[in-house]
Amino acid sequence: MSVEQHVADREWAFEALDDLHGFLDDPDFEGDRGGEAVGLERRIKELQEGKYRVVFLGAFNVGKSTLVNALLEDAYLPTVLEECTAKITHVVKSSEALTRLVMRAPATDDEISALRGVVEGIGIGAHVSALPDSNHIEITYSGNTSQEVRQSLTALVTMNADEDFPQLQTFRKKFEEIQLEIPSEKLLDDIAFVDSPGVHSISETNSRVAEEIIPRSHLVCCLLDSQSAGNVQDSAFIARIREQRHRKIFFVINKADQLNDDEIDPQGKRGPARDLLRSLDGSVPDPELFFVSSLYALLAAQLRRGAIALEELDKNNKVKIPFALQRQLLQQDDPEQGFAEYLSSRSRLCALRDRLLDYLYNENREGAILESVCQSVSDIAWRFGRPLQVKLELIRNIPKLDYLRQRRDQLTQELAEHRAAASEVEEAYAAMTEGGDDAAGKTFEGYEALAEQLLGESETDAKVTAPVKAWLEEPGAIKEAVKDGFAPLTARLEQHFEELVRGAEETLNQKMEKVERQAVDDAKMLLDDPDSVQHGHTRLPRPVLPPFQVSLNASYGLFAAAGLVAGAAAGAGLGHAFLDPSVLPEGLDPVMARLAEPALTAGAVAGAVLGLAVGAVARFATRMEALRKRTAEALKGYVDAVAFHGAAGDDGGRPALLAQVKEALAER
């Protein structure tokens, strides 16, 4: 299986697990939803965090960190000759660069401050944070570059760090493991590289690597110097790895650029490879040997992306390129790419990388994470789908399946007919209650139209206004009507309005009962128990009558004024006649002439007083008749206001009786 196929299969596994998780919400799912959800989440986490671990072992300066950098095609780990790695370093892929220090003992505030000071002094954009309730300290990088990571690690993991950064001596003793996350496209999501501390020989590898790291790995790469590949000290340790840990071992003879072509022989028939096989002495069956130049591979990658220039390559005394070839490469259109291709071919790293991935993805049986998860997906899918499969098989084997299909079609048709009948009943009921035509073309007036007839102007005049007017014609009725501010008149109006509304109420309820009984009869085929539907009596609102008032003050003033004028005129006339010379005895004329003006005035005053009294007596004599007429005239407007227009009152106004009745019918 190719790397591309493996990546595609891994993506498929994630999608399959998500689909299975979604199936738990399906109504047809049968099983323990909670337990299955926990199992699926565990598998998803296993696939996310599961790594194929490759551990690199080797002596000082054999080039382990350089090989890891070459596989990453960037210099994340320190690689200077004196800067050998002194800590276990795990390298995994991530979206951002992060260095996590796993502490054996908590760091003090002074130690953390010293680390921050070193990071700032190096001049990189990094942030140091101690995670609360954790034994981890993290360094994040603003630039997210390999240079920032490498410079920070130089102060933490190299052999010379104690001399170069003495302020971190106590801090470095408190951790022995680094988890490095890098944004490298050359590192696959499920691959982890483990760079072990440098030792004088492989056999001196520290106990933690031997007892913890190697047993949890899937592949061991033993790096050997091309000048000392047959070291006898290493053979016993390597045999122990192979026999006790059962780990696949690749033997990588590094610094192959220092060998002649005839010394590079992966078959082990000559050169360093032959010395290596002799030292193993058959302890490793069918050993796989690789010759690489980690330095050449890393320089080639850096040249390709412009991280270094040809001038830097020329100054590196470890790089040996024939002079004639250099002149030829410099004459190319793109000399950097030419040198990069030459160094890459001489590094022979591609063969190691391809074989490494091929083994992990195709031959590695122990801890084959993807294969294990895919098998789980298959098992879970079968477990989820088996109950559905059984149901389908049972359905297919039912002899009466055709009958069930026919019955389903029949029920579907009956349901459609019931829906159509219900729609007709609903339309008929709406026509009978609201007015209009039903499906058969029959016209109904509706409840509101009937209410307008029962409480209309003619009915109100006949049953309220006319009876009260007739009562006012009776002897003594008007006198009784005006008692206590027309309270007896208002009581009679309330009585007649009550009789009017009660009659309308009875008629409307009879109509409603008839309509609803008709609707129930029409719906008998749709209702389980149509007789259980009963009509509820609807009570119509009663009017609240405002005070009834009729005034005769203007009439009293008119009669008084008329009496006053008539009396004054009569008094003046009598006074003039009395003083007329033609009717006076002879000899009194001069005397009476002096009395003429006072007499006329007195006569007019006396006549006015008498006329006023006479006018008042005349108005009182006709008062009751005038009040009866005025009351009869005001009665019509009063009743219309209560019944149809609304009546003003202390509360700001009352709605008309007919409007209240319509509103009550609409809410029913």
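This is a short dialogue on reading confidence, a pocket and a helix in a predicted model.

User: Where in the chain is confidence lowest, and where is it highest?

Analyst: Start with the general rule: where pLDDT is low, don't read the predicted coordinates in detail. Here the chain averages a pLDDT of 81, with 81% of its residues at 70 or more. Helix α11 (residues 294-304) has the highest mean, 95, while helix α22 (residues 553-578) has the lowest, 52. Over residues 554-560 pLDDT stays under 50, and the model has 8 contacts beyond four places in sequence for that stretch.

User: OK, pockets next. What is the volume of the second largest pocket, and which residues are closest to its centre?

Analyst: The idea is to roll a water-sized probe over the atoms and see where empty space is left. For the second largest pocket that gives about 360 Å³. Its lining has 19 residues, and Val-3, Lys-186, Leu-188, Arg-353 and Leu-357 are the closest to the centre.

User: Which element gives the most to that lining, and how do the residues divide chemically?

Analyst: α15 gives the most, with 7 residues. At least two residues each come from α1 (3-23), β7 (191-195) and α15 (349-363). By type, the lining of this pocket splits into 10 nonpolar, 7 charged and 2 polar residues.

User: Last one: which residues of helix α10 are buried?

Analyst: In general, an α-helix has 3.6 residues a turn, so residues three or four places apart point the same way. In α10 (residues 271-280), the buried ones are Gly-271, Pro-272, Ala-273, Leu-276, Ser-279 and Leu-280. Right after α10 comes Asp-281, with a positive phi near 55 degrees.

Methods: Residues are numbered from 1 along each chain as its sequence is written. This is a predicted model: local features need pLDDT of at least 70, side-chain atom pairs count only at pLDDT 80 or more; totals for chains, interfaces and linings use all residues. Side-chain values use heavy atoms; hydrogens and water are left out. On a 1 Å grid over the protein atoms alone, a cavity is a set of points where a 1.4 Å probe fits but cannot get out, and a pocket is an open set with protein on both sides within 12 Å along at least five of seven lines; lining residues have an atom within 4 Å of a point. Grid points are joined across faces, edges and corners, and a volume is the space filled by probe spheres set on the points. Helices (H or I, at least four residues) and strands (E, at least two) are DSSP runs, numbered from the N terminus. Ala, Val, Leu, Ile, Met, Phe, Trp, Tyr, Cys and Pro count as nonpolar, Asp, Glu, Lys and Arg as charged, and the others, Gly among them, as polar. pLDDT is the predictor's confidence in each residue, from 0 to 100. Contact means heavy atoms within 4.5 Å. Buried means under 20% relative accessible area, exposed over 50%, partly exposed in between (1.4 Å probe, protein chains only).
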